[in-house]
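Please examine the sequence and the three-dimensional structure shown here. The account below is intended to be read beside them.

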Amino acid sequence: MASLNVEKYALTTQTYGVPLICPMKRYTRASSKGIDPQEPGIILLLGHGAGFFKEMWEPTVEDLFKLDETRLIREAWGLDCQNHGEACTLNEDILSRKPDILTIWDYADAFATLYKSGILGPLNPKVHQVILCGHSAGAVGVTLSTSYFNPPASIPFSSIILVDPPIWSKERDGQDSEIYKMVETMTPIRKDVWKSPEDASKWLKARVPWGSWDERVFDSYVKYGLRSLPTAYYPDKTGTTLTTHRLAENIAFTGKRFSYDALYRLNQICTHVPVHLIFGDNADMFERPTQESIINPQEGRIFASVTRLEDVGHLVVQEAPTKLASAIFDILKTAKPALPSKL
């Protein structure tokens, strides 16, 4: 992305006692000559969905910076779940032997680890707001990351934005949509080996869901989502495969109990941290009653705002980054940090 400065970082998490690397990218405007660690502004931490990776957010970040003429946002960070994208390559020796060693709690740990690391610089709550934003499984990850800060009143994040979160009330358990069932069935067996990156790109472009994506997102998927064979998963194959192994993506469909962990965490934190919901109005992966069951004031799930984006489904980040950037920016404008006094 020519309009973005990109810096690469990596931190190690040990959620279950096994060291796993979490690669991260820090995004600032290309016009910036470097960020003063004392500079005020919003710091946005972004979590991706199952089967994706941190670079999927780049078109949205690019459009956010275009909207943000007053420089409300200081920087944005994209984090890879430790078995997705670049992280899947870095951790493949462990993951290929024990693919079930990781859960969404590892991803949650990464956000807390980044906040505590000092890499974000000295944080003054009067002038800095660190805001979590997660899409799909990433919404579960960012919600659970608040569990590393207790009591809930001590959570250091200024607000949380959940984009089409796979979090629903227990009453909706077992009422999965037909699309959800299809994706759940196909993910562990779908095609993931091609002769070349060009063959892979052509195959993907002609099929659902990739063919309906924003061009910039698709280009990012091809650039960062494919890798050469052989790999630790396929030591005897040649050609091109997915950077995120399909078994790693499939783990998202075996961790529904973690969605309930996130649901119960929302019961605890909504009165302490503003939580915003953004849904795709085409209720494809999750039916409307399932989406709306996350809202329950009686259980403590009171949300600061609820936005529905027209003509887009569950894959909001992939299908409509410009529309999503506008919705996120509307939320960020309500969270403007106070500027330091000149007196």
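The following paragraphs treat the sheets, the helices packed on them, the nonpolar cores and the cysteines.

This is a predicted model, in which local features need pLDDT of at least 70 and side-chain atom pairs count only at pLDDT 80 or more, while totals for chains, interfaces and linings use all residues. Residues are numbered from 1 along each chain as its sequence is written, and side-chain values use heavy atoms, with hydrogens and water left out. Helices (H or I, at least four residues) and strands (E, at least two) are DSSP runs, numbered from the N terminus.

One open sheet consists of 8 strands in the order S1-S2-S4-S3-S5-S6-S10-S11, with mixed pairing; two strands are taken to pair if DSSP finds at least two bridges between them. Its edges are strand S1 (4-13) and strand S11 (305-309), each of which pairs on one side only. From one strand to the next, the twist averages 20°; here axes are lines fitted to C-alpha atoms, for helices over the stretch in contact, and angles run from 0 to 180 degrees between N-to-C directions. Strands of a sheet pair through backbone hydrogen bonds, either parallel or antiparallel.

At one edge, S1 and strand S2 (residues 20-29) are antiparallel and share 10 bridges. Thr12 has Ile21 of S2 as its bridge partner. Helix H1 (residues 58-67) packs on the sheet, where it touches S1, S2, S3 and strand S4 (73-79), and its direction makes about 30° with that of S2. Touching, or contact, means heavy atoms within 4.5 Å.

Elsewhere in this sheet, strand S5 (residues 128-135) runs parallel to S6, and 5 bridges join the two. His135 is matched with its bridge partner Val163 in S6. Between these strands the chain passes through helix H5 (residues 137-145), giving a right-handed β-α-β crossover. A crossover is called right-handed if, with the strands pointing away from the viewer, the path from the first strand over the helix to the second runs clockwise. S6 also pairs in the parallel sense with strand S10 (residues 275-280), over 4 bridges, and Leu162 stands opposite Leu277 in S10.

How many residues of strand S6 (residues 159-163) are buried? The count is 5 of its 5 residues, where buried means under 20% relative accessible area, exposed over 50%, and partly exposed in between (1.4 Å probe, protein chains only). In a regular strand the side chains alternate between the two faces of the sheet. In S6 both faces are covered, with Ser159, Ile161 and Val163 buried on one side and Ile160 and Leu162 on the other.

Helix H5 is likewise mostly covered, with 9 of its 9 residues buried. The cover over the buried residues of H5 includes strand S3 (41-47), H4, S5, S6 and helix H10 (256-269). Ile104 belongs to helix H4 (residues 104-117) and counts as buried because its relative accessibility is 14%. Apart from neighbours within four places in sequence, Ile104 is in contact with Ala137, Val140, Gly141, Leu144 and Phe258.

In soluble globular proteins, nonpolar side chains tend to be buried together. A nonpolar core is defined here as a set of buried Ala, Val, Leu, Ile, Met, Phe, Trp, Tyr and Cys residues joined through side-chain atoms within 4.5 Å. The largest such core has 55 residues, and Leu45, Trp77, Leu79, Leu114, Ile160, Leu162 and Leu266 have the most contacts inside it. H4 gives the most to this core, contributing 8 residues. A second, separate core of 44 residues includes Leu46, Val61, Trp210 and Leu309.

A further open sheet is built from 3 strands in the order S7-S9-S8, with antiparallel pairing. Strand S7 (193-194) and strand S8 (226-228) are its edge strands, each pairing on one side only. S8 and strand S9 (residues 240-242) are antiparallel over 3 bridges, and Arg227 has Thr241 of S9 as its bridge partner. Helix H8 (residues 215-225) packs on this sheet and touches S8 and S9, its direction making about 25° with that of S8.

Finally, the cysteines may be considered. A disulfide is counted when a pair of cysteine sulfur atoms lies within 2.5 Å, and the count by this rule is 0 disulfides. For Cys22, which is in no disulfide, the nearest cysteine sulfur is that of Cys81, 7.9 Å away. Cys22 counts as buried because its relative accessibility is 0%. Why is the sulfur of Cys270 not in a bond with that of Cys133? The sulfur in Cys133 is the closest cysteine sulfur, but at 15 Å it is too far for a bond. Cys270 counts as buried, at 9% relative accessibility.
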